[in-house]
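Subject: Handing over the structure we discussed

Dear colleague,

Please find below the sequence and the structure, which I am passing on to you together with my notes. I would be grateful if you read them with the coordinates open beside the text.

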Amino acid sequence: MCFPHKIPHWCFPLTWIALLFQLGSCSLPTPTPNPTQVPTPHTFRFQNPMQCVKNEFYNLNLFDCVPCNEAGDGDGGLGKLQPDKFSCKCPIGHLTIYERGKTWPTCDEICTPDRSDNCSTVWLPQPRPSRACSYRYLNSTSVIASQLPVHPVISGIILTKTNPSSGEGDCQTCEMGHNFRYQDFCVASTLLRPYLHYNSFWQATSNSRPDSGAPTHFGDLKFVAFFCLTLRNDTACQQLANLCVLSHYSLEKHSPCSAFLLTQVSDVVMKYAHSGEQVRALQPFLFYKKGRTTKDLLSKTLQLAEKRQLRLFSTTFSLDGRLKRWGAFGLEMVNLCQRPAPTLRLALPKQESEVSCQLSLERLIDLAIQQANDEFLTVYLNFSSNWHFLLHQLPVLIETLSPENQRSQLEEWQLVKRFQMISALPRDNRLHQTLPRYEDGHKLQMYHSLHYVEDLELHYTLDKDQPDRVGLPLIRLRYRHIELGSGNFSSSQLYPFRLRVSYEQIKRGWDWLILEMALPLLLLLAFVAAVFRLQNLRRRRKADLCQMSSLMEFLLQLAGNAAYALLVTALLLLLVQASSSRLLKILLYPACLLQLLFLGVQLWRSSQLELFLIDWERPRSSCEGQRLNLDSSSLCSSVRTFVAESSVSAWRVLFTANAWIRLSVSQKYSTLGQVFVLIAGYHFLNRFSHGDLGLQCGLIVAVYLLTYILQILGHRLFVTNPLQKFIDLCSLANISLFSLTEPGFGYYIHGRSPHGFADTDMSSMILQLQRTQTMCGRRGLLMDSDKQAYIILPPRNLHIYLERLLLPFQRSLTGSLSQTLLYQKDIVPSIDGQMERTSIAYASVNRFFCAFIDHAIKDMDYIIKEKSILEQLLNCEIENYITENKGTFYIDDSYSFSRVLLLGNHVHIFVLELLLLLSLFLITSSLLIAGAAVCVFNMLLRYVFRLWVRRNVSRKTLIDERFLL
């Protein structure tokens with residue numbers, strides 16, 4: 001063993017790792033793993049075989065002791081399986097039955113004629129003790145059941161010590177007409193039928209050589225596959241893995257590697273599947289998965305078990321799958337030169353880290369004879385994690401395996417875990433005349449070809465900031481193939497060999513800092529902001545936190561915030577020039593979808609707000625009729641229960657409603673102008689990017705963002721504020737706007753004219769405007785203020801009272817429709833009645849809001865106050881005085897009601913356009929197509945939003961849609 005006495009157990013169980021923050025690794029094996037549950041194929045906890053108790057076997061793939069009883073749990077052989085060092089077997093006097101789909105066999109006791117007890121399991125004739133058996137027999141249980149009184153028999157494959165076709169305990173014969181002989185087994189030919197396709201690989205490797213009759217290691221491939229895949233024999237699986245290495249990791253369909261590729265690489269290799277092979281995680285572990293997994297694997301850093309040097313551990317298996325050696329690994333074991341190999345001390349000087357030499361062909365042949373295709377290595381790194389010592393398999397990159405392994409893209413590499421230093425293909429000397437053994441040329445006639453490692457490099461990285469951590473070492477191999485069949489070779493011919501240890505001191509770059517530090521912090525900030533926003537909305541909606549609507553709202557806010565986090569991460573990568581096309585796609589595509597979802601729901605909600613236009617106008621005549629309890633002292637004539645001939649003009653309301661619709665689709669910037677400037681600037685500056693995708697994307701972002709900022713500044717400096725213009729229009733029309741986005745939150749624009757009326761002729765209107773210039777503080781809700789915009793938290797009873805006022809009108813809509821369908825002759829009276837009920841409902845709502853604003857309702861009132869700086873920054877209401885009968889009006893100097901318009905969502909729209917622009921550019925590589933798509937998207941957005949707002953205004957203000965633009 002390789003472990004020093006001062007650390008008797010340097011590999012202990014790894015503590016549980018949080019899965020949400022683990023990248024590119026799987027869960028570690030438990031102390032007693034079930035072989036049917038495959039742990040991580042990279043990291044293992046080493047347990048000394050001497051620690052295995054009586055009923056445990058040692059799993060060479062997991063380096064752990066596993067109980068045989070647990071291995072047989074759920075099988076018929078529970079409690080009967082006995083450990084056999086590296087596996088479990090049935091005890092003497094029992095049949096072994098292999099059932100399909102089960103990992104371990106079932107053991108059934110064999111009844112003998114001399115048994116005195118009542119035995120009712122299986123009866124088979126036993127061989128005579130004096131005779132030594134030559135075969136063990138494998139056959140289907142259905143065949144045996146038809147020939148012998150077997151009771152009960154489980155469906156599967158049965159292993160017997162006697163020939164089931166003989167009734168006298170025969171164990172010497174194996175009839176070749178219906179069976180195959182393999183070692184000391186007599187296997188029924190029907191069992192091997194699913195594995196006969198492996199013969200095609202053996203024939204292909206044999207026919208490719210002139211001396212096709214030469215002995216080959218692939219002739220028994222179908223037997224090895226059968227014992228491994230069907231009987232789950234671990235030794236056979238180790239042999240199958242060695243044959244895969246010996247085939248130089250052949251990717252052919254019927255190669256020894258097909259089963260490993262099927263279960264260990266990815267789902268894409270389902271083409272390697274065969275009807276006779278079970279799709280399960282096959283052990284031992286030979287392959288690493290391609291793609292992101294490879295990059296994460298090679299970029300991870302591990303805590304060294306011992307500072308200043310690498311501690312490596314290796315296992316060596318023979319070709320037949322048996323363990324030859326395990327223990328400490330040194331580079332002398334892979335050194336073909338007769339010079340000292342480099343040590344495993346960290347940061348070796350360059351002159352001490354490499355050894356190279358020229359090997360004669362005779363030396364290579366001697367090494368091939370010595371190893372005899374019988375040494376297959378797997379190397380592990382001893383590292384520590386959470387104060388526990390573990391083994392990590394070292395990845396092996398064979399550069400000559402495929403063209404992708406010679407490229408610099410780590411995601412395309414196919415890494416493996418087992419290798420051999422030299423392999424030789426024997427020659428069939430029975431067909432050729434050979435020289436005597438004492439001749440120098442005899443060795444040249446022994447092999448058809450040689451395959452040896454001409455360059456072996458052990459490469460790792462050192463972190464400057466953490467010298468006790470090392471990057472996972474990578475073994476790079478380059479093989480040389482020597483064909484000896486031509487005969488033009490000399491035993492003194494020289495071939496190169498080099499063994500080196502290289503390292504690279506790295507410092508975490510900007511990409512690591514952004515992806516590992518900035519992105520998690522941004523996502524955490526997005527999560528906190530979503531929680532804060534949910535709490536604020538919950539108070540406005542007066543909803544319970546545990547409701548499904550609250551969860552959906554949280555997910556919506558989180559989606560929008562996460563989109564911003566991903567965009568900022570992508571922009572930071574572009575800023576430091578640490579981005580790649582794949583990384584940008586991973587960040588931008590999800591961000592675009594999340595922002596589209598968030599903005600779509602946000603604009604739809606904004607368009608469906610509760611909207612009421614309060615008309616303060618009164619007829620120019622005196623008050624008529626008796627005043628009701630909702631009349632205020634200032635507008636007795638504005639409260640009417642029906643439409644009379646002396647009513648004021650309705651055009652002011654229609655004009656205000658249409659102005660609101662136009663304002664809703666106004667924008668602070670022109671998307672068409674931005675795209676035009678972007679395309680022009682891109683074509684002018686693109687020559688400086690030299691075709692680099694990161695620089696091109698950075699150029700697009702810079703030009704688009706700069707154009708957006710300039711447009712926003714120009715709109716603010718040179719264009720009159722459209723929000724203030726709409727407020728002035730409301731004052732001129734003597735109409736206020738009351739809106740609710742939530743039952744407990746909304747906006748109010750006080751448009752009451754300081755002159756008391758607005759329905760007048762042109763000369764009077766001009767005179768009013770002249771008087772307004774000399775007035776001070778007459779347009780505001782307060783007498784000494786001109787503040788007209790407010791954020792409102794109405795009393796809790798307001799929404800309930802409002803629904804009661806609109807209930808008769810809503811009933812009249814459904815009632816008039818059914819009445820019209822039943823009585824066609826009463827269409828005109830029905831329409832007149834509906835119009836009258838609409839007018840009554842409008843007058844009731846108008847009366848209610850006028851009284852509420854004028855503080856004329858005793859049990860429903862409000863106060864006016866200013867928001868604190870913190871409340872303005874966080875867009876929340878910390879201190880409010882909301883009760884059932886009292887609300888709060890906050891003075892809104894920042895025109896927050898723009899949040900229900902496109903003007904207030906211009907940042908969200910710009911972000912979505914930028915994400916869409918970059919995403920389409922990455923897909924099409926054409927800025928013209930991406931820019932045109934962004935323009936079309938903006939036009940479609942404005943059209944759909946205008947349609948939503950128009951329908952909502954008609955439905956909420958009781959204005960016929962035909963009067964709206």
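The accessible surface of the chain comes to about 47,700 Å², and carbon and sulfur atoms account for 57% of that area. Please keep in mind throughout that this is a predicted model, and that every value quoted here was computed from it. Of the 965 residues in the chain, 48% count as buried. The secondary structure consists of 22 helices and 30 strands. When contacts with a separation of 6 or more are considered, 70% of them are between residues 24 or more positions apart.

Helices 11 and 12

Two packed helices are described by the angle between their axes and the distance between the axes. Helix 11, which covers residues 548–575, packs against helix 12, residues 581–607, at an angle of about 140°, and the two axes are 8 Å apart. The crossing of helix 11 with helix 12 is left-handed. Sorted by class, the residues in this contact are 20 nonpolar, 4 polar and 2 charged.

Buried positions

R232 sits in the loop that runs between helix 5 (221–229) and helix 6 (234–246). Its relative accessible area is 14%, and R232 therefore counts as buried, since this value falls under the 20% cut-off. The side chain of R232 reaches the backbone oxygen of E99 at a distance of 3.0 Å, so you may wish to display that pair when you look at the loop.

A259 belongs to helix 7, residues 258–264, and is buried, with 5% relative accessibility. Between the C-alpha atoms of A259 and A241, which are 18 residues apart along the chain, the separation is 9.5 Å.

F57 is part of strand 2, residues 56–59, and is likewise a buried residue, at 2% relative accessibility. P83 is 26 residues away from F57 along the chain, and the C-alpha atoms of the two are separated by 5.0 Å.

Backbone geometry

Most residues other than glycine have a negative phi, and most peptide bonds are trans. Against that background, three places deserve a look.

The peptide bond from Q283 to P284 is cis, with omega near 10°, and P284 is located in the loop between helix 7 and helix 8 (292–299).

A372, although not a glycine, has a positive phi, near 55°. This residue lies in the loop between helix 9 (361–371) and strand 17 (376–385), where A372 is partly exposed, with a relative accessible area of 45%.

S925 is also not a glycine and has a positive phi of about 60°. The loop that holds S925 connects helix 21 (906–924) and helix 22 (927–956), and S925 is exposed there, with a relative accessible area of 60%.

Two further loop residues

E411 is found in the loop between strand 19 (396–398) and strand 20 (422–426). With a relative accessible area of 24%, E411 is classed as partly exposed. Which residues is E411 in contact with, once its neighbours within four places in sequence are left aside? They are K290, G291, R292 and K295. In addition, the C-alpha atoms of E411 and T294 are separated by 5.8 Å, although these two residues are 117 residues apart along the chain.

Q183 lies in the loop between strand 11 (179–182) and strand 12 (185–188). Is Q183 buried or exposed? Its relative accessible area is 60%, and because this is over 50%, Q183 is classed as exposed. The side chain of Q183 forms a polar contact of 3.3 Å with the side chain of Y182. From C-alpha to C-alpha, Q183 and S134 are 9.6 Å apart in space, while in sequence they are 49 residues apart.

With best wishes,
A colleague

Conventions:
Residues are numbered from 1 along each chain as its sequence is written. This is a predicted model: local features need pLDDT of at least 70, side-chain atom pairs count only at pLDDT 80 or more; totals for chains, interfaces and linings use all residues. Side-chain values use heavy atoms; hydrogens and water are left out. Helices (H or I, at least four residues) and strands (E, at least two) are DSSP runs, numbered from the N terminus. Buried means under 20% relative accessible area, exposed over 50%, partly exposed in between (1.4 Å probe, protein chains only). Contact means heavy atoms within 4.5 Å. Accessible areas come from the Shrake-Rupley method with a 1.4 Å probe; for residues, only the protein chains shown count as cover. Axes are lines fitted to C-alpha atoms, for helices over the stretch in contact, and angles run from 0 to 180 degrees between N-to-C directions. A crossing is left-handed if the near helix is turned anticlockwise from the far one by less than a right angle, and right-handed if clockwise. Ala, Val, Leu, Ile, Met, Phe, Trp, Tyr, Cys and Pro count as nonpolar, Asp, Glu, Lys and Arg as charged, and the others, Gly among them, as polar. A polar contact is a pair of N or O atoms within 3.5 Å; within protein, one must be able to donate a hydrogen and the other to accept it, and residues adjacent in sequence count only if both atoms are side-chain atoms.
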